[in-house]
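I opened this entry to look up two things, the surroundings of the ligand and the layout of the sheet, and I note below what I found.

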Amino acid sequence: MTAVEAENLTILYEGKPALSDVTFRLDEGKTLLLLGPNGAGKTTLLKTIACFHREYRGKLLVFGRDPCDARHLIGYVPQSSSLNERVPLTALEVVAMGGLYRRGFVHFKISEEILRKAEEVLTFVGLGHVKDRLFRELSGGQKQRVLLARALMSDPKLLLLDEPLSALDPSARAEVTNVLSKIKSEKNVTMIITTHDINPLLEIGDLVMLINKRLIAFGRPEEVLTDGVIKSVYGPLAKVIPVGGKLYCITGDFHLHRDRGGGL
Ligand SMILES: Nc1ncnc2c1ncn2[C@@H]1O[C@H](COP(=O)(O)OP(=O)(O)O)[C@@H](O)[C@H]1O
Ligand SMILES: [Mg+2]
């Protein structure tokens, strides 16, 4: 089955296009890496697929339905969690919160059943031992794994992850990447993962989409990640280097250059 299908999709904010004319098809069970510089439209595309943003033209189907009719099939992990860390929630409670929204209903009481499931999912991401620790006291990698666990509580068929590795140091990145690999191999879930730095995720991506206000390229990593394509988005210094049969992308730090150019 097709998990996500877009045809000539243009997404707008107050009438102005942020991402134009995107066509692609993602089959169920595949992992798509969504790559593009800052402001390219990555979050915009994720939010539209998740039915958080509704202003678009063209065709967009999630499991053959309007995105808003597929919400119960979707798990969404936002880039920076809107979780208020002043509220002293334990890791287990944060995960359990993911079980409170089901089929559009909000249940206010955390049942035994939800707590049991939350513990199971927390163990799945390797954090059973910190279930009673306060979320705000966990390391960056642990927090991101808790948020992944929270999204898994509703057994999503489509998991949307917005820059799950940003702001993490290399060892925390490896922690989160390992959990993403585990989700991919053990759960029958389709994933779309946005990222600035594609390299830590290349192993788990079946497909890569490169966007920059419009679709630049979509296909298997070896088709999309070519010098020509990468340079067209990230500038002449960007390149793709094959290392031991794998690809490594050097895209530089787009923000720094842009911010400097913008005259801070
Ligand atoms: N709520 C909004 N209202 C108006 N414009 C927005 C809004 N959110 C994002 N944009 C614009 O849409 C474009 C894409 O943004 P975004 O999807 O956040 O990019 P990315 O996630 O790739 O960094 C940017 O030009 C941004 O300014
Ligand atoms: Mg973004």
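**Ligand site**

I began with ligand 1, and in this predicted model I found Tyr-13, Ala-18, Pro-37, Asn-38, Gly-39, Ala-40, Gly-41, Lys-42, Thr-43, Thr-44 and Lys-213 around ligand 1. Sorting this shell by class, I get four nonpolar, five polar and two charged residues, and helix α1 (residues 42-49) contributes the most to the shell, namely three residues.

I then went through polar contacts of the ligand's oxygen atoms. One oxygen of ligand 1 lies 2.5 Å from a side-chain N or O atom of Thr-44, an oxygen is 2.8 Å from a side-chain N or O atom of Thr-43, and for Ala-40 the partner is a polar backbone atom, at 3.2 Å from a ligand oxygen. Of the 560 Å² of accessible area that ligand 1 has on its own, I note that 57% is covered by the protein.

**Sheet and helices**

Next I traced the open sheet, in which six strands run in the order β5-β8-β9-β3-β10-β11 with mixed pairing. Because β5 (74-77) and β11 (215-219) are the edge strands and each has a single partner, one side of each lacks a neighbour in the sheet. Neighbouring strands are turned by 15° against each other on average, with direction ignored.

I looked at β3 (residues 31-35) and β9 (residues 190-195), which pair in the parallel sense over five bridges, and there I found Leu-34 opposite Thr-194 of β9. Helix α5 (residues 170-186) packs on the sheet with contacts to β3, β8 (158-162) and β9, its direction at about 155° to that of β9. Helix α7 (residues 227-234) also packs on the sheet, touching β3, β10 (207-211) and β11, and its direction makes about 150° with that of β11.

Notes
Residues numbered from 1 in each chain as written. Chains lettered and ligands numbered in written order. Predicted model: local features only at pLDDT ≥ 70, side-chain atom pairs only at ≥ 80, totals over all residues. Heavy atoms only, no water. Near = heavy atom within 4 Å. Polar contact = N/O pair within 3.5 Å; in protein donor to acceptor, adjacent residues only side chain to side chain. Areas by Shrake-Rupley, 256 points an atom, 1.4 Å probe, with all protein chains shown as cover. Helix = DSSP H or I, 4+ residues; strand = E, 2+ residues; numbered from the N terminus. Nonpolar A, V, L, I, M, F, W, Y, C, P; charged D, E, K, R; others polar. Pairing = 2+ DSSP bridges. Axes fitted to C-alpha atoms, helices over the stretch in contact; angles between N-to-C directions. Contact = heavy atoms within 4.5 Å.
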